[in-house]
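Q: Could you take me on a close look at the charged side chains of this protein? I would like to know which of them pair up and where the partners sit.

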Amino acid sequence: MEEREEGIQTEGSDEEGMDEPLEHEEKEKTRKKPSVASRGIPSREALYLPAHYSSELRAFQDKDEHALRFNWKLDEVVNFVFPKKYQAKYHEVALAFMNELSEKLELTGKEVGAFIAANGISKATFYNRVLPRLKRVGLVKVERETVVAKESKRKYRPMRITLSKTFGNYLMKIGDSWLAIVDDARSRRK
């Protein structure tokens with residue numbers, strides 16, 4: 001017994017037996033658990049695309065898949081970003097703002113504040129939901145310049161919002177790429 005107390009190993013107390021539980025625990029930690037299944041595309045990153053044959057859309061192509069020559073109106077375009085069917089309030093606010101912006105072509109921060117007040121729109125709705133999404137999809141461009149006031153040496157950053165072509169360019173690139181893929185596939189088949 002004294003030998004055991006002094007740390008001399010006997011057959012029943014070897015180091016391998018002591019490490020076994022630790023090795024097993026390490027293997028358990030390194031074993032990957034199955035991940036949670038995807039919950040889909042986050043709404044802030046999605047566009048609303050109703051079925052191309054839906055009654056919500058005006059026909060945009062003929063039976064031979066040739067594009068018709070017309071343009072959707074502003075409310076129809078805004079519907080792809082804020083679907084009236086699912087986001088009625090955001091759609092209403094975005095449409096009113098885009099109408100205002102398309103008339104003036106540029107709005108300053110003060111003008112945006114006046115627009116919000118005149119239309120009884122919640123600042124939180126506009127600044128936290130509508131404007132960020134309009135920027136993200138590329139319908140509007142928000143620019144800020146840093147100005148230093150001479151008398152107070154305080155910096156402020158006035159905002160300027162303008163219409164942007166990014167949304168159209170983005171979707172045209174997707175559309176043109178898809179048309180090229182279809183044309184290429186059909187030409188190889190002949």
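A: Here is a walk through the salt bridges, followed by a charged patch on the surface. Please keep in mind that this is a predicted model.

The count comes to eight salt bridges, and three of them make a good tour. Let's begin with Glu76 and Arg58, whose closest N and O atoms are 2.9 Å apart. This pair links distant parts of the chain: Glu76 belongs to helix α3 (residues 74–81), while Arg58 is in the loop between α2 (15–30) and α3, 18 residues apart. Arg58 has a relative accessible area of 34%, so it is partly exposed.

Next comes a pair within one helix. Glu100 and Lys104 both lie in α4 (residues 88–104), four residues apart, which is about one turn of the helix. Their closest N and O atoms are 3.0 Å apart in the salt bridge. Glu100 is partly exposed at 22% relative accessible area, and Lys104 is partly exposed at 44%.

The third salt bridge joins Glu106 to Arg160, with 3.7 Å between the closest N and O atoms. Here again distant parts of the chain are linked, as Glu106 is in strand β1 (residues 106–108) and Arg160 in strand β5 (residues 159–163), 54 residues apart. Glu106 is partly exposed at 34% relative accessibility, and Arg160 is partly exposed with a relative accessible area of 34%. Through shared partners, salt bridges join Glu106, Lys141, Glu143 and Arg160 into one network.

Finally, the patch: Lys135, Arg136, Arg144 and Arg157 form a positive surface patch. One of its members, Arg144, is found in strand β2 (residues 140–144) and is partly exposed at 45% relative accessibility.

How values were computed
Residues numbered from 1 in each chain as written. Predicted model: local features only at pLDDT ≥ 70, side-chain atom pairs only at ≥ 80, totals over all residues. Heavy atoms only, no water. Patch = residues over 30% accessible without salt bridge, like charges linked within 9 Å, V, L, I, M, F, W, Y side chains within 5 Å. Areas by Shrake-Rupley, 256 points an atom, 1.4 Å probe, with all protein chains shown as cover. Salt bridge = Lys/Arg side-chain N within 4 Å of Asp/Glu carboxyl O. Lys, Arg positive; Asp, Glu negative; His and termini not counted. Charge placed at Lys NZ, Arg CZ, Asp CG, Glu CD. Helix = DSSP H or I, 4+ residues; strand = E, 2+ residues; numbered from the N terminus. Buried < 20%, exposed > 50% of the residue type's maximum accessible area, 1.4 Å probe, protein only.
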